[in-house]
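Q: I have a two-chain model open and would like to learn how to read it, one feature at a time. Can we start with a single residue and work outwards?

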Amino acid sequence: MTEARQLRLIDGDVIGCTEREPRLIGSVCGQCGTVTFPRQRSCPRCTSEDVHARELATRGELWSWTIQCFAPKAPPYLPGGVEEFEPYGVGYIELPGEVRVEARLTESDPERLRIGMPMDLTLIPVPGAPDKLTFAFEPVSEEEA
Amino acid sequence: MSGGDDVAVVGVGIHAFGRHDGVTGLEMGAIAARRALADAGITWQEVDFAAGGSDAAGNADTSVSILGLTGVPFINVKNGCATGGSALTTAHAMLVSGAAEVALVVGFDKHPRGAFNPLPEEWGIGSWYGETGLMLTTQFFALKIQRYMAEHGISDSTLARVAAKAFANGARNPNAWRRTPLSEDEILGARMVNHPLTQYMFCSPGEGAVALVLARGGRIKALSDKPVYLRSVAFRTRRFGSFEVFSPSIPIESAPSATTEAAAAAFEEAGIGPGDVDVAQIQDTESGAEVMHLAETGLCEHGEQEALIQSGETELGGRLPINTDGGCLACGEPIGASGLRQVHEVVLQLRGEAGEHQVPKACRVGFTQVYGAPGVSACTVLTV
């Protein structure tokens, strides 16, 4: 029955799914090529409004990281997320040639995080709302890297 | 020395920072204002322009009901951590333009305990950002210093030394909140908040108020025998490519920060270089911010902080004393008041009236820098 349960994405304007694989939806400027995330209606670099949606790369490199060691306040976090709080990793992942995206990391052990390590996009349950999914990045396994 | 276009601080007032149950933010603002007026030796009736603000403690112009209903034009500002800087920018412009002769600037705040909990919708971001657990200023500072440490060779020990200095200075400042010195080991061994930053490397939201009386031209010498000249005040927002708080993404192309641009503009307008600065107060939301802002303001080169801080040059007795009143780390962060606290402290230092936390060397040039969400900075250059 679990599989039949409808899982919802936290925000369909931010995450899309192509052939069951999650993709982050950003935008690209038709004038200067600047990529943003999430999607913007105008270009923050050249101010053009000639901006279109773009699915971003799913693999990148960890540009910086930290561990969130205390429960965020609710709101904006969900009350259930505060109750079930465990420290979690946060980082910026540089998607080559596109943009650096801020995201939760599936790894929360500081000894296992290093700047430059390859990371892949994945989905995790929203803390406090298990029927909703948000995006995160996970370290690429050694065989795959 | 003082010409018709000069603007100077002729009075300062402060309400102690910390926790003050039973006193509203607005009342603290009015107390600071009265002290600044008394320091300038004038009455509220002589003020012909006022500007002020708080982030979370009400409308500054409401203080006229405490100070007196004189009809004075009073502009409220609300600009995050740059609230005080924005109020000062406004008053400075009014004085320079000749629209006012004597101005009062006030900043105050009173925040609940614990980290701030801003809502993403108020910052132009979807609710997904907060629900995912990314809407925290502490994360931003940790992510920024983590990358900076890797690029510029800054050690954990240096982060701890910044905090140890702040508490040592705070212990000497009767208006500070945290007045107990802490050792480098105590700071490094404290609870981790956001790697690499521990509990004592972060400032806490708090309470407090500061007011300044400014005058222009001929009124300066009439009101003060030791004016501190406001040579410049510059305020900037972020450019494309700078790495700022609450950014779901950052461009790969990098640009100077709002602080870098505001500092450069302030120095240029003042005709004074960073090398001339004798004492400075810079935004130390956490230890790493002080390290990074030291270079962003031009007070040193990127990477130079490691040696500068380890050798004690930023301590009270050093070559470049920084955050001599204990900064945000020891005074806490009442958002609306912090930017003006920095100016208040520089004025005390340049007058030689800072008491136990007075810098021993002679100081003629001071500098201040505030920084806040979502990428705003205000800087001043002050001289005697």
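A: Sure, and keep in mind that this is a predicted model. Start with A:Gln68: leaving aside neighbours within four places in sequence, it is in contact with A:Pro87, A:Tyr88 and A:Val90 in chain A, and with B:Gly133, B:Leu136, B:Gln139 and B:Asn194 in chain B.

Q: Which strand holds A:Gln68? And is A:Gln68 buried or exposed?

A: A:Gln68 sits in strand S6 of chain A, which covers residues 59–68. For burial, you count C-beta atoms around the residue, and 20 or more within 10 Å makes it buried. A:Gln68 has 24 C-beta neighbours inside 10 Å, so it counts as buried. You can also check a distance: the C-alpha atoms of A:Gln68 and A:Thr106 are 12 Å apart, with their positions 38 residues apart along the chain.

Q: Zooming out, how many residues of each chain are in contact across the interface?

A: A common way to put a size on an interface is the accessible area lost when the parts come together. Here we go by contacts instead: 38 residues of chain A touch 32 residues of chain B. On the chain A side, S6, strand S7 (88–95) and strand S8 (99–105) each supply at least two residues. S6(A) gives the most, with 6 residues. By type, that side of chain A divides into 24 nonpolar, 7 polar and 7 charged residues.

Q: Which strands pair between the two chains?

A: In general, strands of a sheet pair through backbone hydrogen bonds, in a parallel or an antiparallel way. In this model, S8(A) pairs with strand S9 of chain B (residues 249–250), antiparallel, over 2 bridges. One place to look is A:Arg100, whose bridge partner in S9(B) is B:Ile250.

Q: Now chain B by itself. What is its secondary structure, and how compact is it?

A: Chain B has 13 helices and 12 strands. Its radius of gyration is 19 Å, close to the 21 Å that the globule rule gives for 384 residues, so chain B is as compact as a globular protein of that length. The C-alpha trace spans about 55 × 45 × 40 Å along its principal axes. Buried residues make up 62% of chain B. And if you take the contacts in chain B with a separation of 6 or more, 77% of them link residues 24 or more positions apart.

Q: In what order do the strands of the open sheet in chain B run?

A: Read the sheet from one edge to the other: S3-S2-S4-S7-S1-S8-S12-S11-S10, which is 9 strands with mixed pairing. S3 (74–76) and S10 (279–282) are the edge strands, each pairing on one side only. From one strand to the next, the twist averages 20 degrees. Helix H9 of chain B (residues 258–270) packs on this sheet, touching S8 (228–237), S11 and S12, and its direction makes about 145 degrees with that of S8(B).

Q: Which residues have the most contacts inside the largest nonpolar core?

A: That core has 161 residues, and the ones with the most contacts inside it are B:Ala32, B:Ala103, B:Val105, B:Val213 and B:Leu214. Helix H1 of chain B (residues 25–40) provides the largest share, 9 residues. Try B:Ala32 as an example: beyond four places in sequence, its contacts include B:Ile14, B:Val106, B:Phe108 and B:Val210.

Methods: Residues are numbered from 1 along each chain as its sequence is written. Chains are lettered from A and ligands numbered from 1 in the order in which they are written. This is a predicted model: local features need pLDDT of at least 70, side-chain atom pairs count only at pLDDT 80 or more; totals for chains, interfaces and linings use all residues. Two strands pair if DSSP finds at least two bridges between them. Helices (H or I, at least four residues) and strands (E, at least two) are DSSP runs, numbered from the N terminus. Axes are lines fitted to C-alpha atoms, for helices over the stretch in contact, and angles run from 0 to 180 degrees between N-to-C directions. Two residues are in contact if their C-beta atoms, placed from the backbone, lie within 7 Å. A nonpolar core is a set of buried Ala, Val, Leu, Ile, Met, Phe, Trp, Tyr and Cys residues joined through C-beta atoms within 7 Å. A residue is buried if 20 or more other C-beta atoms lie within 10 Å of its own, exposed if 12 or fewer, and partly exposed in between; C-beta atoms are placed from the backbone. The radius of gyration is taken over C-alpha atoms; the globule rule is 2.2 Å times the number of residues to the power 0.38. Ala, Val, Leu, Ile, Met, Phe, Trp, Tyr, Cys and Pro count as nonpolar, Asp, Glu, Lys and Arg as charged, and the others, Gly among them, as polar.
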